[in-house]
Amino acid sequence: MSNKEADFTQEQSQNNGKVLSSANNHSQVDGALPSSYAHDLDRALTFIQEHDQFLVVAHVNPDGDAISSTVAIGWLLSQWNKSYTMVNANEVPNKLTFLTRADEIQIAEEGHLDQTEPFQAVICVDCADYARIGSISNWVAPSANILNIDHHPTNDRYGDVALIREDAAATAEILFDLFVRGSVPLSTEIATILYTGLLTDTGGFRYSNTTPHVMEIASKLLAFGVKGNVIAERLLEAISKPQMDLIQRGLSRLSYAADEQIAWLYITPEDMQQTGASNEDLEGLVNYPRNIEGVEVGLLFKEVVPGRVKVSMRSAGEVNVAAIAQIFDGGGHVKAAGCTVHLPLEEAIQAVVEQVKQTL
């Protein structure tokens, strides 16, 4: 742990007792909310109040917003004296283990959950469709009540209660609104969690989804003592040696199509094995082709096993990559999406690039 991380952890621990009432700290007035959104917030709060034991889950291969939203819900449930189990199909990325309660997230791939009976109440966060929770569905009762909280435009509104805001930058933004609506007092602990979700899904407040409301929320969270600079350095700046090795290999394969409006890289299982990299070391790699001047769509192809390729898509302009991803049963946002293609690597590259060409 670096000195900055140690200082951050110590100060976070000291400030966890600092609590400000939401009535004193939020400028957004509930009456200003769109009536349908306010209604959905109320339904979500009622859902949580009416149940006592919950399964909390986000999408497979979780990112910053998924983990932040998971532990934010866990925090809320603990405040309301509810019983809960947080779980994900995959492990928490190492960069996000600093978040309070992240160590409580059980990993489905490591064995059975500490639960003998299927869960009857489930809260899914940052998960555009139910299938994205992966193998965790085995712990969900067929008759389970599901609360679906998400910001992806491709969300199909599964579940009994769907709290969806497609224009939200992150699920963490919706959770902030939920806590305000429920008059939930905030602390440094939960402010750090929510700030992390906002930071990661806005690319460090650089993407076009960085709205005035996002910046207003970030400002209020920083007022609780959130160490934004330390979080940004840990999540956006620090690069591991395996990650740097992957960048080197990926850039050596940089390819173009459509008059250099499309650019892509690919990573093989051998790359992962030889560099000692993990999936989180792939984070941000797709931005290298996207950031090239003149490129409209950047792509990253990661061969998981022969015949199965994960594709990350980033749009630099007006191309809706979520629509392209949906062609391959994927999804996401207009400018950031992904899918899995069940073809050999070369054929997967050809198929996806061809779809992007047609969109251009």
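# Exercises on two sheets and their cores

Helix α3 (residues 35-50) lies across β2, β5, β6 (140-150) and β7, and runs at about 130° to β7. The exercises below refer to a predicted model, and each task is followed by a solution in steps.

## Exercise 1: the parallel sheet

Task: Determine the strand order of the sheet that contains β2, β5, β6 and β7, and state which strands stand at its edges.

Solution. Begin with the order, which is β4-β3-β2-β5-β6-β7 in an open sheet of 6 strands with parallel pairing. Next, look at the two ends of that order: β4 (106-107) and β7 (161-164) each have a single partner strand, so one side of each is left without a neighbour in the sheet.

Then take the pairings of β2 in turn. Strand β2 (residues 53-58) is joined to strand β5 (residues 119-125) by 4 bridges, the two running parallel, and in this pairing V56 stands opposite I123 of β5. Toward β3, β2 is joined by 5 bridges, again in a parallel arrangement, and here F54 faces Y84 of β3. Finally, consider burial: 5 of the 6 residues of β2 are buried, so this strand is largely enclosed by the rest of the structure.

## Exercise 2: a second helix on this sheet

Task: Find which strands helix α5 lies across, and at what angle it runs to β6.

Solution. Helix α5 (residues 171-181) lies across β5, β6 and β7, and its direction makes about 90° with that of β6. For helix α3, which also lies across these strands together with β2, the angle given above, about 130°, refers to β7.

## Exercise 3: aromatic pairs and the core

Task: Describe the geometry of the pairs F47 with F54 and W75 with F179, and relate their residues to the largest nonpolar core.

Solution. The structure holds 4 aromatic pairs. One of them is formed by F47 and F54, whose rings lie 6.3 Å apart centre to centre with 50° between the planes, a tilted arrangement. F47 is buried at a relative accessible area of 4%, and F54 is buried at 0%.

In the pair of W75 and F179, the ring centres are 5.6 Å apart and the planes stand at 50°, so this pair too is tilted. It links distant parts of the chain, since W75 belongs to helix α4 (residues 64-79) and F179 to helix α5, 104 residues apart. Relative accessible area is 2% for W75, which is buried, and 1% for F179, which is likewise buried.

The step to the core follows from its list of members: the largest nonpolar core has 63 residues, and F54 and F179 are among those with the most contacts inside it. Helix α4 gives the most to this core, with 8 residues. The contacts of F179, leaving aside residues up to four places away in sequence, include A72, W75, L76 and L194. Apart from this core lies another, of 24 residues, among them W264, F301, A322 and I349.

## Exercise 4: two arginines

Task: Decide whether R101 is buried or exposed, and state where R165 lies relative to Y37.

Solution. R101 is placed in the loop between β3 (83-88) and β4. Its relative accessibility is 15%, and because the limit for buried is under 20%, R101 counts as buried. Beyond residues up to four places away in sequence, R101 touches V71, G74, W75, S78, Y84, M86 and E189. R165, in turn, lies over the face of Y37, at 5.2 Å from the ring centre.

## Exercise 5: the mixed sheet

Task: Give the order of the sheet with mixed pairing, and identify the helix that packs on it.

Solution. This open sheet of 6 strands has the order β9-β10-β11-β12-β14-β13. Its edges are β9 (255-257) and β13 (331-332), each with a single partner strand, so that one side of each has no neighbour in the sheet. Strand β13 is joined to strand β14 (residues 336-341) by 2 bridges, the two running antiparallel, and G331 stands opposite G338 of β14. The helix is α13 (residues 345-359), which touches β9, β10 (262-267), β11 (297-305), β12 (308-315) and β14, and whose direction makes about 155° with that of β11.

## Exercise 6: backbone angles

Task: State where D126 and F205 lie, and give the phi of each.

Solution. D126 lies in the loop between β5 and β6 and is buried, with a relative accessible area of 2%; its phi is positive, about 60°, although it is not a glycine. F205 lies in the loop between α6 (188-201) and α7 (212-222), and F205 has a positive phi of about 60° without being a glycine.

Note on methods. Residues numbered from 1 in each chain as written. Predicted model: local features only at pLDDT ≥ 70, side-chain atom pairs only at ≥ 80, totals over all residues. Heavy atoms only, no water. Pairing = 2+ DSSP bridges. Contact = heavy atoms within 4.5 Å. Axes fitted to C-alpha atoms, helices over the stretch in contact; angles between N-to-C directions. Phe/Tyr/Trp six-rings, centres within 6.5 Å; stacked < 30°, edge-to-face > 60°. Buried < 20%, exposed > 50% of the residue type's maximum accessible area, 1.4 Å probe, protein only. Lys NZ or Arg CZ within 6 Å of the ring centre and 35° of its normal. Core = buried A, V, L, I, M, F, W, Y, C linked by side-chain atoms within 4.5 Å.
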